[in-house]
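Here's a short set of exercises to work through with the model open beside you. Try each task before reading its solution.

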Amino acid sequence: MSERTPAMPTDSPPNGFLWGAATSAYQIEGSPLADGAGPSIWHRFAHTPGRVLNDDTGDIACDHYSRWREDVALMASLGLNAYRFSVAWARILPEGTGRVNQAGLDFYRHLVDALLEQGIEPMLTLYHWDLPEALDARGGWASDASPGWFADYAQILYRALGDRVRLWITLNEPWVITAGGYLYGDLAPGHCNPRESAIVAHNLLRAHAAASASGRAEGIERIGLAVNLEPQDPASDSPEDQDAAARRDAFINRWFLDPVFFGRYPAQMQTIFGTDWPDFSASELDALRAPPDFVGVNYYSRSVVRADPTAQPVGARRVRQDTRPHTAMDWEVHPQGLTDILVWIQGRYGNPPVYITENGAAFEDPQPVAGRLRDRERLAYLRSHLRAASRALRRGVDLRGYFAWSLLDNFEWSYGYAKRFGLVRVDPVDRQRLIKDSGRFYRDAIRRYGGGR
Ligand SMILES: OC[C@@H]1[C@@H](O)[C@H](O)[C@@H](O)c2nc(CNc3ccccc3)cn21
């Protein structure tokens, strides 16, 4: 099969299937303080020496804030019929609450209108990690007031864009927000405090429920939650490794989905956090129950897990599969894990509608030659994972769309610009866009199997 022939599933996805790409505000926009916007925790974090590789910042990023018209045209040239993006909260509410910055609302309204003119369905993420700095100064997600702040912000956007945007996501990856920002400290705001992290996770769940309720009140019908999911395969059939994999499964995959679907935390959370786990009342737990209208699945890889009492707080660690291919993030390439996790959702949570809201890979790209960039590894990753998604469809998973991560090479958080996930190259000097071979493959696959725009 040649690289150009999209080796896609034999059976086409259902009618209305979305073929998209995903980005987030701080990673692509640049101009973080333009037109009245306030600073976010990522603006502060990236400007703190030593926090981001090479001290890179999102001050320019992909310059999408200026180039958004060009980027919508690029999406149309790829044949996308959907685009997932996030709104920078501090562009809308520079102080996080109170005064609304009309220029911020105008930016996103123009973007949405341009997408719709091209027949591209917008999927709007309300929060993709960039909390307004002013709210972090008031306790951030650890504050009991944070769910109310978030619901008020969401309501402003529902009222401004609810007549144009049909697909909404409250939070992107509450697990990463919690673990990266408050447990391990490698992401903004850079805290390392287990008890605080458990409170933050609880407030994020309260915030999802509050923003879902305020969306219902505004007549919004499709509100989802995007979660990073990662199958946890035990390294051996020993009870110790089986238990370790079960703990890490609860910690990563069920910490947030069980509460929103069942109104309870996984039993292992008490074991993992010990005395740092708060004593939540029955009513506090029941209030977390807010089943999403769809689950956004962000899938990249799986983990093979071995018990390790020194690897806290879970007592488990990943075992690198040295004989298997890995991406530039050192994540194993394991497409079967996508099928497995989609079937797992189907069985555990009652076959809810699902979108793959992120799937992609960073690799060391070759330099372009004669206007062509041959990113063979990323193309192969994309092909194998589209096939994996097709296997899930054949198993009856209610899969409604696929969003490649990412449309553009962009700011990869604490890695800065050193890791590139884009289907489209962004030149580090002049930000010129160049569609890579993986982007061409995706375009051909959409032409061949998509319903078209
Ligand atoms: O790392 C690639 C992307 C990132 O650019 C997105 O903003 C974010 O939504 C995202 N989530 C994951 C998967 N989960 C993850 C796990 C541990 C640390 C960081 C991310 C990968 N990615």
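**Exercise 1: an aspartate in a loop**

Asp 365 is buried, at a relative accessible area of 17% (buried is under 20%, exposed over 50% and partly exposed in between, using a 1.4 Å probe and protein chains only). Before going on, keep in mind that this is a predicted model, where local features need pLDDT of at least 70, side-chain atom pairs count only at pLDDT 80 or more, and totals for chains, interfaces and linings use all residues. Residues are numbered from 1 along each chain as its sequence is written, and side-chain values use heavy atoms, with hydrogens and water left out.

Task: place Asp 365 in the fold and find what its side chain pairs with.

Solution. Start with the address: Asp 365 sits in the loop between β10 (354–359) and α15 (376–394). Those labels come from DSSP runs, numbered from the N terminus: helices are H or I with at least four residues, strands are E with at least two. Next, list the neighbours, leaving out residues up to four places away in sequence: Asp 365 touches Leu 373, Asp 375, Arg 378, Arg 420 and Lys 436, where contact means heavy atoms within 4.5 Å. Finally, pick out the polar partner: the side chains of Asp 365 and Lys 436 make a polar contact at 2.6 Å. A polar contact here is a pair of N or O atoms within 3.5 Å; within protein, one must be able to donate a hydrogen and the other to accept it, and residues adjacent in sequence count only if both atoms are side-chain atoms.

**Exercise 2: around the ligand**

Task: which residues are closest to the ligand, and what is the backbone of Glu 173 doing?

Solution. Round up the shell: 14 residues surround the ligand, with Gln 27, His 128, Glu 173, Glu 358 and Glu 412 the closest (a residue is near if one of its heavy atoms lies within 4 Å). Now go for the ligand's oxygen atoms. A polar side-chain atom of Gln 27 is 2.7 Å from one, a polar side-chain atom of His 128 is 2.9 Å from one, and an N or O atom in the side chain of Glu 412 is 2.7 Å from one. Then turn to Glu 173, in the loop between β4 (167–172) and α8 (174–183). Glu 173 has a positive phi, near 60 degrees, despite not being glycine. Its relative accessibility is 5%, so Glu 173 counts as buried.

**Exercise 3: more backbone oddities**

Task: where are the cis peptide bonds from Ala 188 to Pro 189 and between Trp 405 and Ser 406, and is Ala 370 buried or exposed?

Solution. Take the proline case: the Ala 188 to Pro 189 bond has omega near 5 degrees, and Pro 189 lies in the loop between α8 and α9 (194–217). For Trp 405 and Ser 406, omega is about 10 degrees; Ser 406 is in the loop between β11 (399–405) and β12 (424–426). Last comes Ala 370, in the loop between β10 and α15, with a positive phi of about 55 degrees though it's no glycine. Ala 370 counts as exposed, at 82% relative accessibility.
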